[in-house]
Every structure is written in structure tokens, then in C-alpha cells.
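Me: I am a first-year student and would like a close look at a single part of this structure, namely the places where charged side chains come together. Please begin with how far the model can be trusted, and then explain carefully what surrounds those places.

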Amino acid sequence: MRGVGDVQSSPDVGREALEELQARLADGLASSGLSVDFLARRAGLGRTTVSQALHQRKAPSERTVAALAKALKLDVTGMLELRRSAQGLPRIPPASSAEPLPPVPAVAVAERPGPGSGLLVGALPLTASAFQPRDSLRERIDAARTGGGAVLTQARPPSAQVLAGMGGVGKSQLAAHYAHQAVVDGTGLVLWVPAGDVQQIITLYGQAALRIGVAGATGEDPEQDARALVEWMATTGSSWLVVLDDVSDPVVVGPWWPPSRPGIGWTLATSRLHDPRLTGGGRTRIDVDVYSHAEAVAYLEERLTGDGCAHLLDDRQGQLAIALGHLPLALGHAAAYLLAENFSCDAYLARLNDQATELDEVLPDWADTELYGRQVTAALLLSVTAAVHAGPPGLVEPLLRLIALLAPEGHPQDLWTTKPVLELLGDAKERIPGTDTAAQDVQRALQVLRRYALIGFDPHSPYRQVRIHALTARAIRETTPRTERPALALLCADALSELWQEPLAIPRDLGQVLRANTSALRLHAEECLWQRNGHIVLFLNGESLRASGLQHEAHAYWALLSQQAAKALGKEHPNTLTTRINLATTFNDLGRHQDALTLREQVRTDSERLLGHDHPATLVARTNLAATYSALGNYGDALALQEEVLTDCKRLLGEDHRETLLARANLATTYGGLGRHHDALALQERVLAETEHIRGHDHPDTLIARANLATTYSHLGRHHDAFRLEEQVLADRERLLGHDHPHTLMARANLAATYWDLGRRNESVTLEEQVLADRERLLGHDHPDTLVARTNLAATYSGLGRHHDAFRLQEAVLTDCERLLHEDHPETLSARANLAATYCDLGRHHEALTLQEQVLADRERLLGHDHLHTLSARADLATSYWDLGRHHEALTLEEQVLAETERICGHDHPYALIARTNRAAMYRELARLDDALRFEPDEHPNSGSR
């Protein structure tokens, strides 16, 4: 039974509406000149779906009609009304018995599907395909709406929520979800208002007032009618929901915010702005971010599977979601593109990642099947013009273009107070009479960009306070004139370089962030960074990798950079030589000393030929070559070269120059390798005093000098002096670099060794276990420094008699070295020697002998008969011979070790003293006391060591 005023549609009316609908579609298709196939692509629909919409005697789906109307530039609202008529659905009559109202073509009035007398006013967006409910966001909105939960910022229940965020994050979709739900729930009035223009607000408020029959609404004065609606919302007992979509000016909207009516009515607004004026009057701002990874993947899977195209996912939907920054707007366009072009996710990713492809090519306007209403680039950059006008003149746009060249994940806010940036802004400031300082101007510009949701700002994220969405950054780069890119890139590089200072002097986390931003800058403007003979930021990036303990990454980086430098600058350019110098250093770090030697000898020859014997770069090349000689045990050549370098540095640069101090420190290290610890001590004490005076107490060079001096104190048995310095170094590095920096971990390991030397065994093992755990956590199980920590802890376990614990660790270290390095790597040979020593401790002498014979043969083959590591292997083998009762072979081998050590290192070298002590011990066990007395030193060398 129909009530009074109900309207019933006849079959003829439905058929006529369907014919009219299809006629309009056919006319639109003819006018556009498109084929059915191309129309399907533009609308993001299948060809069969389009053909059925044009010819089938059945009303197409709401989504199909909307997509086709948009693709053909037809009136979407009118076409949807025709579709409703074609389905035989009645229109809703006015709620009151007032006289008929004039038609309102701009407003879609839909039937409320639930009981009651609800009314929908406004063109409510369709529910998106594969809509993601975003439960966590809706929980926050619901909590704010009902007065509960942590999102509340006022004591009284807020009556309105403001969804804030950048373009394309789905704010309007989420608001539309609430509006649709309110319609289903029978809310008395659901009013959807595009709030970008105050006239739209007034018009729709007035029309709603007329349809409800609000007292005082006459239809003659729209503003008076709108005010009548606001008064009605303040007094009515009927439920209502007002959605103010896309608020762009809080001042203009201010007088039209609906009143606070907790439990009766509420307001939901969306805006790109982060403006405090949006949250007055009991309103709560809820920031809407991009989809979570799970939501983005679910969207792609549901969207493609729903259209019968699950095969296009090819298990790459997760990578595609990441590549699109989880942005709902971009995901919607991408899904439509995949369906229309029959592209797999993998093929689409290849196009998306192609730097030559512009964003609008892979996210075109015809793929807007979710009716966002804008091209992706246009949507992302919609706020730029407003931000430029709102911010300091001449600053906002350049600042945004600079940010777009950096890492989307964030960069330090301090970047914008560096000298290069402030000089640029100072130039701009001269055009702005009466403004504040350049530093204040840039802060104002950043605040404006944040207010318009073009950037994000997180003050609680160390070193990553300023962020930008990856697609926003890409859209900005693509709209930046190419002629401006070199200057912008070089300015970014200058600013990063100033923040970097010296890679050893900054916290590890800051170094990681600066490297990420340098990588982004290289990706977007690599060619610009070679315009100044190779910008220093390229070199700082590589040094930072080494300073952070990332040896393998550093090696790969310098190998690539040396190739790029040769191509951009030429093989004989000084900066190309510098890249080769650093590449050789990474060979040394990885234990590839022969490769380092070959490259460093080439670099020294080239430097002397191209730059001259006295050029600073040539001095560095000779210094590095000497270091490789030392690493290979060739201390004689190392000593001669380092003494020559020190003499040249003093002559060319002066006594106090940094390179002179470093040359002196390097010579001291070689003295230590030769066992000349007193000579090393004299140099190191001088180096520390001069470095502290010239570079300062906290400079990285000072801390290194202090650590080196502590090592020499340990070699000389001055363990308390070593302990005092090492405690100071550890405290300074924790304060300056942080607890997790690789150099801090090294200082902790050195202190653990000194604890052992002082007999503080429990403290030593506790600290070494902490170092191992920290290195595994920070650097990974397979990092070279982690292997060293594992080796040191095994040695400590052996010293404590925990031989089974030591054996477990040393077996693992040997397995890792063989897997990660190679059979002949020096660290692999050392791991094999250490395991053999533990076999001896466990009484497994035959197994020890087998390993030691292998180690000796390998070291003779790889390092030569005179290398100190070879002599050490020979001494270890002599000990195993003795343990197995092969005393004659042991004595013969020990005599050979002593003679070779004295010949190579000198009579007083610690290794020579150890060899004499071992030989004396053998004679004592054989009761040859006279022979023992001839070789027994007055004091056993390193008696306090393990």
C-alpha cells in the first residue's frame, strides 16, 4: 500500500529513461571521435562492459554510468538520475507539504533506503571500487565523534572532526563512506557540501533548508535560508550529518560551521590544510595518511580480482604499492591502467621506474575511474599556487623544488639553516622589504608548505623531520624547468656537504640519513654533480660508508664512482685519482691486500707523473701504499716510505699541518708493528698533544690519537695508563657519536681487552659479549667487525678455560669466513689457526696438527716465508709437534722461527723474545738447563696478556 505523495514509475518510464541514457552515451561517443576500445581504456572498463552499456536492454551499473559519463565529459549527476529512472526507482518528494519548489539542477537528491524521513542533499560521491575500510582511522573518528578515545583534545565531546592530509590520500572517500552509512542508518539530514567556495556552501545550505521546510527559509535570499539551516541544526531533535569537503579557507568557512550538537548532529570536514583555525569550536583534527602497506596491497588485489584479472598481479602487487607510495589516488589510477592496457604489475613497474617516463603517462587522466576528478599531477600540486601566495615571496617554490630532489623519507631540518641555503634566501630577502632574517623566512616558508600538506614535518624523528611524498616530489620535479635543475641540485649538494662536515665526526644515524639524501640527489641529478669536477658530496658519501663500517657497500660505491669519474672527468683527472685511492682503501678494509697493493702502486705512479712528487694527493698515495706494505708484513718498505712522507710533509706543509700529524701517526703505527714500542710512544704522545692543540679535544683525529696511544701503553705493559685513556675515548665517542656508532663499539672492545690485561676477567667477558651482541644487531651477523668480535670473545673464553664455548664460536667464525670471504683470505687463515689452538686446549692434538700444517702451507704460498703471520704459523706448528712428543722436529722448527724473527724484526722485537722463551721452555722440559738459561729472557714478554 502506497502512502500519500508516493510516486510509482511505470515500465514505459523506465524504458524511455534507458533509451535516453543510451542515446546520450552514443551521442557522446560520436562527438568524442573515440572507438569503443579506446573509450573502454579511458573509462577503465572492459570492452564488453562498454558495449553492454550502449546496447543491452538493461540499466548499466552505477559505477559504469559514472565512469562513461566522466570519460565522455557528460553530466555525471544527470546521467545517474537517468539510470535511476531506467531501473524504475522513484524520486523522493519534498518532506513538507509546502508549495512546489523551483528545480535545483546542481543538487542530486537520492532516496534514503532505510526507514524514517531522512534526506540526502548534495552530490554524494560513489563508493570507490575495492574500498578499504581503514579501520584504525575510523576508530579514531568514531572515538572523537562519541567523546571517547585518545584523539580528543577538549574536555567536552567534540562535535566535528577534520580529516587533514595531502591530495589523493582518500579523505573524501572516507568522508563519503560515513555519509553513505548515515543514509543507510536513516539519519534525518545528510548534507554533502563542496567547501572550496563559500557560495557553494550557502547555496547547498539554503537548498537543504528549503527541502526540509525550515522555518524562515523562503527561497528568495539564499544566505538567509542558509542561516536558517544553521539555526535549525542548533535546535532540532532530528539527527543530521554535514560533510564539508575540501575546506581551503578556514576564515571563509568559519561562519558556516554547523553548531556543536553531540548526540544529535555532527560535522565531518576534509582539508589539505594543517591550520589551527580548523580545530576551533570543539573540532578534532585527524591526520589522514596514505594507505598502510596491507591496505594498499588489498586494494590492488580486490580491484584486479574483482574484474577477473588476478593474473595481472604476478606477485608484484607489494612492490607496486611501495613504488606508488601507498597513495590511494595513484593506486586507483594504476589499477585502471593495468585493467585497460592488460599490463602486469611487473610491466607497469618497469614503466613507472623509467626516469624518462613522466608521471602523467603512467597515471593518466582517463584512468580516474574512482572519480577523484583530477589528474594525479594536478591533484598532488593543487596547493602549490596557494602556498606560493601565502608564503614569503620568492621562497616557497624554490624551497619546494629543493625538497623534491631529496629523499622522500626525510632530511634534517638543519639543512635549511646551512650557509648555502641562507645565502640563496638572503638574495631573495633583498627583494622583500621589511622581512625578518633569512633563517626566519625559511622557517615561515616550511610552515606554509606544511600547512598546505605539500610536505610533512615530524619534530620527533631524529634527522628526518622534513618529509615529502614520493609522488608529490616526482610531480614537482617534472614541473620544474630543466634549466633550473643544475643550480638546485648543486645547492642541495652544498647544503648536504655542510651538514656532513667530516664523516667520522657525526652520529651514525645522521650519516645514514645524509647518505639516503645524497643517493636521491644522485638519482635525480647525477650529471649536475659532476659539473664542478665532481662535487665533494659524492666523496663524503663514500667516506661515510667506511666510517659506518659498511665495507662491502663502500667498495661497491667507490668502484662505481671511479668509473663515473673516469667517464665524466677523464682517467687522469686528480679527482679520478682520488676515487681510485679510496677504492684501494676498501680493498685493504676487505683484506684484499694484494689488490690494494696493485692499485696503490699504480696510483702512486700516476700521481707522481701527473701531479708531481710534492703534490698533496701524491703524498696521500704514498702514505696509503705504506699502509698496504704494513698490512702485508713488509715493514721495512713501509718504514722507509713513511719516513720519506713525513719529511716531505714537514718541508711542504709545515709541522702543524693535519697531513703532517697523520704522517707522524702512521709512522708510529709502523714502529709498533716492528716492535719499536718506545719509538712509537714518543711519536704518539707528540701527535696527541699537537692534535688536541690544533684540532680540539673532541675532534675525531684526537680521539684516534688517544686510542693509538692507549694501544702502545698496553704493548709496553702500562695497562693502567691504557685503561685511563680508553675509558676517556669510550666516554667521548658515546657522547659525540652515540652508543651504536662503529667507532664507539671499537672503543668498547679495546677497553674489554685492557680489562683482561688488568686481571678484571669478568668485566672483560661481559663487555666483549655486549660488543658482539651490538655488532650483530647493528652491522649484521656477517659483517667483518662482527667476525672480529666473535673471534675476540672466543679468545677470552679460552683464557677463562671455557674451551668448549671457544670451540663453538671459532667453528662458526671459520665457517663464516670460508662462506663470506674465501679459502685463502687472511681472516680465513687466522680463523683456522685459532681453531687449531682450541683443538690443542681440548687435547685434540692430531686435529690441531692437520689444521696448522694447512695454515703454514697457505701462508707460505700467499704471504711468503718471511711474513710475520707465516712465522707465527711456524711457531704454532712447533708447539703441536712438542705436544705430540715430536721433540726433535719441534726444536728444529723453533730454532728456525727464532733465527728468522731476529733477522726480520730484530733481536729485541717482542716476537723474538717470545721465540726465545718458547725455545728455553723446551730445553727445560728436556732437562737441558744450560741451554735454557742461554735463551730465557729476564722477563717474559707480554706477561700480562692472554
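Reply: A first caution concerns residues 940-946, over which the pLDDT stays under 50, although the model still has 16 contacts beyond four places in sequence for this stretch. This caution matters here since the model is predicted. The mean pLDDT of the protein is 81, with 85% of its residues reaching 70 or more. Residues 90-117, however, also have a pLDDT below 50, and that stretch has 42 contacts in the model beyond near neighbours in sequence.

As a setting for the charged pairs, the protein has 43 helices and eight strands, and buried residues make up 52% of its 946 residues. Of the contacts between residues at least 6 apart in sequence, 65% join residues at least 24 apart.

Side chains of opposite charge can pair when their charged atoms come close. A search of the whole structure finds 53 salt bridges. One of them joins Glu 572 to Arg 609, with the closest N and O atoms 3.3 Å apart. Because Glu 572 lies in the loop between helix H25 (551-569) and helix H26 (574-589), while Arg 609 belongs to helix H27 (residues 593-610), this pair ties together parts that are 37 residues apart in sequence. Glu 572 has a relative accessible area of 48%, so it counts as partly exposed.

A second pair is Glu 690 with Arg 664, whose closest N and O atoms are 3.0 Å apart. This pair links distant parts of the chain, since Glu 690 sits in helix H31 (residues 677-695) and Arg 664 in helix H30 (residues 658-673), 26 residues apart. Both Glu 690 and Arg 664 are buried.

A third pair, Asp 701 with Arg 695, has its closest N and O atoms 4.0 Å apart. Asp 701 has a relative accessibility of 11%, which is under the 20% cut-off, so this residue counts as buried. Arg 695, at 30%, falls between that cut-off and the 50% above which a residue is exposed, and is therefore partly exposed.

Beyond separate pairs, salt bridges that share partners join Glu 818, Glu 823, Asp 824, Arg 832, Asp 858 and Arg 861 into one network. To see what the surroundings of one member look like, we can follow Glu 823, which is placed in the loop between helix H37 (803-820) and helix H38 (826-841). Its relative accessibility is 43%, so Glu 823 counts as partly exposed. If neighbours within four places in sequence are set aside, Glu 823 is in contact with Glu 818, Thr 828, Leu 829 and Arg 832. Two of these contacts, Glu 818 and Arg 832, are also named in the network. The side chain of Glu 823 makes a polar contact with the side chain of Arg 832, at 2.9 Å. Another member of the network, Asp 858, is 35 residues from Glu 823 along the chain, and the C-alpha atoms of these two residues are separated by 9.4 Å.

For contrast with these charged residues, consider Thr 744 in helix H34 (residues 742-757). Its relative accessibility is 0%, and Thr 744 is therefore buried. A polar atom of the Thr 744 side chain lies 3.4 Å from the backbone oxygen of Arg 733, so here the partner atom named for Arg 733 belongs to the backbone.

How values were computed: Residues numbered from 1 in each chain as written. Predicted model: local features only at pLDDT ≥ 70, side-chain atom pairs only at ≥ 80, totals over all residues. Heavy atoms only, no water. Helix = DSSP H or I, 4+ residues; strand = E, 2+ residues; numbered from the N terminus. Buried < 20%, exposed > 50% of the residue type's maximum accessible area, 1.4 Å probe, protein only. Contact = heavy atoms within 4.5 Å. Polar contact = N/O pair within 3.5 Å; in protein donor to acceptor, adjacent residues only side chain to side chain. pLDDT = per-residue confidence, 0-100. Salt bridge = Lys/Arg side-chain N within 4 Å of Asp/Glu carboxyl O.
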